[in-house]
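The exercises below ask for a claim to be worked out step by step from the coordinates. Each task is followed by its solution.

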Amino acid sequence: MAELMADRVEKLKDLDVFVYHGKIYIPNTYTAGAVGTRFLIELREKKRIMGTKCPACDMVYVPARSVCKYCFAQLDKWEEVSDTGTLLTYTVAGRPNGVQPVDPPIIYGIIQLDGATTGLVHMLSEVDFEKLVIGMRVKAVFSEKRVGSILDIKYFKPLV
Amino acid sequence: MGNRVAIVGIGQTYHKSNRKDVNMQEMVGEAVRAALVDAQVKAKDVEAVFTANMETFENIFLPDELMADEMAAFMKPGLKVGTGGTSGASVVEEGFHFVASGLFDTAMVVGFEKQDCGDTTAAITAAVTPVWGKGVATGAIGEFAKQALTYMQKTGAKEEHAAMVRLKADKGACRNPYAHLRLGLKSIQEVLDSGYLVWPLRFLDFCPQSVGACALILASEQKAKKITKKPVWIADVVTVHQEPFRAGSFGDPTGKEAYSQDIAVERLYKRNGITNPIKDMCMAEIYEPSNWEEMSHYEHYHFCEKNEGWKMVEKGITEMEGAFPVNPSGGVIATNPIGATPTIRVAEAALQVRGDAGEHQVTRDVHTAMATALGGPNWTVVTLLRRSL
Amino acid sequence: MTTEKKAEKKPEYIKVEIARPRAYRWSSGRYLGRLYKEAMDNKKLVTNRCPKCKELLWPPGGVCGRCNVEAGEDWVVMSDKGTVIQYTYLVFPLWDPHYGDRLANPYPTATIKLDEGVFLVHFLEEKDPEKLKNVKRVQAVWKEEGRGRGLADILYFRTIDE
């Protein structure tokens, strides 16, 4: 840890200016909360993607959330959505940035799963970037080892 | 001085050391719903939403974006307010200004902190710029420790007096279902028996790290009178920020520099016809990061003469049944979700004015109350609340 | 017949950990840089003086905040001697979270007024709580090697007889 955090001060060559190279380390553990936990546990235990439904606004939120953004109702109706959906849009990230779950290049897509009214951001794989088309049908591929994380879905691949 | 603004709704969460059962947004949602229910106002009728928190702890850059849904802020204007430790009071001031301008009829202000998601020590240590201050590792606690020592040396206060303040705070907290630390302390000796953290500050002398949120709903005079029979009027808000003291962060051991607290209350009292603070006002909810600071603040808020804060404690003047109660809610030393703490001070003072503080309602009738906020380096926001203007 | 008590199942709550150090490169700027340089090369503390109020700025900077004027280049070399205004010491060990398992500096910290009038917070060499009560005059003890970090080039302040 000490090595990871080692700092150093560098004097600029022709100026009496010193640059402090260091790192700020503030670890975070975000609580998923009861609703988030249930969504993640369903991924882990049953390979099921669940959403919460607002009947008044005809919305099914995926990932599941606890409040409807339009009418402010508290949501307690859970509904399973399909693991298959439509690709709404996509892009590719070419450069590494230190916070990516896998090495780049990474294809990111927004997918509307059948039964959901929101889009889900995730990764796409087993496909060439040039062959991607908006409106394509894609299907979730689950990881073998699942821990209760959004990455329990490994990626989405085109449905052939 | 602008249009009249009242607090018409008050809501807070039950403050704890951690809340695994909710995420940040849902926690804020609890306080927001409590305030809406208290005001009997619909979410869609709140015109603007303001948030306050210390971003470095949770590392969420735009918390108001994250919690827009839970604050019913979708498609509404608003701001995130960040003034360090005073954020929770500055956000009240912000909402107050928007409504007082006459351009808005209602506003909601929310202070929150979810410190179980962050690392408070790391965040505060990181806030010290490395080019100047890093490596002097006792940080904020060390500063409060030095101040406690200076207070003892200058005024003759004893550790027993600090312990009395801690006991008073715990008594209040045990009567306040929303408070975080409700220890059931029975004697001064119990406080004195808790070990030293940074000498001469003991474990029990310092505020905790709490998780919680507090929301207030503000309304213009016209709207307020329709919403509630018991509006709590925001008579005035005074903010004084200052350059850091040359010889300390929250206190000046040289005795030569002006304190933001003195300047702030001089303005507040003058503008509002208060000549004898502990008679003209009925109680105060002050932001005391430590029990030693509370005694020093009595002096700087002009509740008593300089160097006599500890005497007020000895005489029991600031107890719940006393002549001028201070922090009957338990204060910051019992509950400290940093971004929410100043908002809670205003909320608790407002509950006292309304007569709705339940078991921790003070004996004296409260028509005028003061709420204060403290931030580094010794920034102050003071808010005056009245039952009628 | 044995009766088995079914263990109470505690609800699971998931937490997502993000623990990533974030790199920074913060410049001292020209004024603090001068302080850094004098400390590194000459083991001296320097600062600049406001041309209007004649007060020493501390830390050295480009603007005097009280006068709202540019501070200029009137540099002053300060003695590294001073008087302890207040001190404190750790009883319960605190660890610096930025360095993981490294203990926070074990020396007592003090607010010291240098003879030229500026205050700084630094460490005291004296660790005995009884002796600390009587420490008044102190002098900086500089690192012999590895300087280049501004005030951290001073190890601590040593009690002197004066």
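**Exercise 1: a helix of chain B**

Task: in this predicted model, compare the expected span of helix α10 (residues 260–271) of chain B with the distance between its end C-alpha atoms, and then determine which face of the helix is buried.

Solution: at 1.5 Å a residue, the twelve residues of the helix should span 16 Å, and since the end C-alpha atoms are 17 Å apart, the two values agree. The next step is to list the buried residues of α10(B), which are Ser260(B), Gln261(B), Ala264(B), Val265(B), Leu268(B) and Tyr269(B). Viewed down the axis of α10(B), these buried residues fall within an arc of 145°, and therefore they line one face of the helix. Their cover includes β8 (232–240), α11 (277–280), α12 (291–300) and β11 (379–386) of chain B. Finally, α10(B) is followed by Gly273(B), which has a positive phi, near 65°.

**Exercise 2: the contact between the chains**

Task: describe the side of chain B that touches chain A.

Solution: the contact takes 24 residues from chain B and 18 residues from chain A. On the side of chain B, the elements giving two or more residues are α1 (24–39), α2 (55–58) and α5 (120–127), with the largest share, three residues, coming from α5(B). By residue class, this side divides into ten nonpolar, five polar and nine charged residues.

**Exercise 3: the spread of chain A**

Task: decide whether chain A is a compact globule or more spread out.

Solution: chain A has one helix and eleven strands. Its radius of gyration is 21 Å, well over the 15 Å that the globule rule gives for 160 residues, so chain A is more spread out than a compact globule.

How values were computed
Residues are numbered from 1 along each chain as its sequence is written. Chains are lettered from A and ligands numbered from 1 in the order in which they are written. This is a predicted model: local features need pLDDT of at least 70, side-chain atom pairs count only at pLDDT 80 or more; totals for chains, interfaces and linings use all residues. Helices (H or I, at least four residues) and strands (E, at least two) are DSSP runs, numbered from the N terminus. The expected span of a helix is 1.5 Å times one less than its number of residues. A residue is buried if 20 or more other C-beta atoms lie within 10 Å of its own, exposed if 12 or fewer, and partly exposed in between; C-beta atoms are placed from the backbone. The arc is that of the directions from the helix axis to the C-beta atoms. Two residues are in contact if their C-beta atoms, placed from the backbone, lie within 7 Å. Ala, Val, Leu, Ile, Met, Phe, Trp, Tyr, Cys and Pro count as nonpolar, Asp, Glu, Lys and Arg as charged, and the others, Gly among them, as polar. The radius of gyration is taken over C-alpha atoms; the globule rule is 2.2 Å times the number of residues to the power 0.38.
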